[in-house]
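Welcome! Let's take a short walk through this structure, starting with a pair of helices and ending at a pocket.

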Amino acid sequence: MTPVPPGTRPQPPTADPGYGVDGEFDRPGVAVRVARRRGVVFAGVQGDIDTDSYQDVRQQLFACLEDDPSALIVDLGGVVLFGSLGIAVLMEVHERAYETGVGFAVVARQRTVVDPMRVTEVDVLLTLRPTVDEALTAVRARSGQTDDGMPGPRDSEEQDHGFSWWSS
């Protein structure tokens with residue numbers, strides 16, 4: 001999958017949308033890529049979280065919680081359009097993670113995502129960090145685990161696929 005430059009939308013998939021063997025989920029306007037590393041699930045979202053995509057994004061993030069990970073880190077670095085539906089999805093996933101004892105953090109630094117969370121004060125409820133490393137550190141601190149027990153963003157044989165958690 002080709003990375004989506006900021007301010008643009010991903011191209012619609014050429015094949016039937018759905019889970020790919022490499023952990024991708026594509027729909028016109030949104031893509032979710034998932035990687036699992038020693039109990040932590042990293043989910044990167046690209047595109048728009050709007051009326052056409054929020055249910056798919058929610059479904060994919062809920063699916064990330066099904067295998068009882070120690071933590072779920074949602075990277076919104078590729079999200080272009082984000083508002084009340086995106087906030088609602090994050091709050092629902094956060095609640096489910098809390099109910100099941102899964103650590104949860106959100107990665108975002110672009111104003112189009114961070115500003116709506118700050119205005120609605122959702123940033124106070126969620127663990128919101130500007131980088132995956134900081135989100136992982138926050139999840140570790142909340143769980144009381146040391147660095148030895150949880151993976152880092154490059155703790156895998158997977159290569160750079162355009163998400164911030166695969167970048168140096």
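In this predicted model, helix 1 (residues 54–64) and helix 2 (residues 84–100) have axes that come within 10 Å and cross at roughly 20°. Angles under 35 degrees count as roughly parallel, so helix 1 and helix 2 are roughly parallel to each other. Their crossing is right-handed.

Which residues bring the two helices together? On the helix 1 side they are Tyr-54, Val-57, Arg-58, Leu-61 and Phe-62, and these meet Leu-85, Val-89, Glu-92, Val-93 and Arg-96 in helix 2. Sorted by class, the residues of this contact are seven nonpolar, no polar and three charged.

Now for the pocket. The second largest pocket has a volume of about 210 Å³. It is lined by 13 residues, and those closest to its centre are Tyr-98, Val-102, Gly-103, Phe-104 and Arg-142. At least two lining residues come from each of helix 2, strand 5 (103–107) and helix 5 (132–143). Helix 5 gives the most, with four residues.

Here is how the two sets of residues divide by class:

| Set of residues | Nonpolar | Polar | Charged |
|---|---|---|---|
| Contact of helix 1 with helix 2 | seven residues | no residues | three residues |
| Lining of the second largest pocket | seven residues | five residues | one residue |

Notes:
Residues numbered from 1 in each chain as written. Predicted model: local features only at pLDDT ≥ 70, side-chain atom pairs only at ≥ 80, totals over all residues. Heavy atoms only, no water. Axes fitted to C-alpha atoms, helices over the stretch in contact; angles between N-to-C directions. Parallel < 35°, antiparallel > 145°, perpendicular 65-115°, else oblique. Left-handed = near helix turned anticlockwise from the far one by under 90°. Contact = heavy atoms within 4.5 Å. Nonpolar A, V, L, I, M, F, W, Y, C, P; charged D, E, K, R; others polar. 1 Å grid on protein atoms, 1.4 Å probe; cavity = no way out; pocket = protein on both sides within 12 Å on 5 of 7 lines; lining within 4 Å. Points joined across faces, edges and corners; volume = space filled by probe spheres on them.
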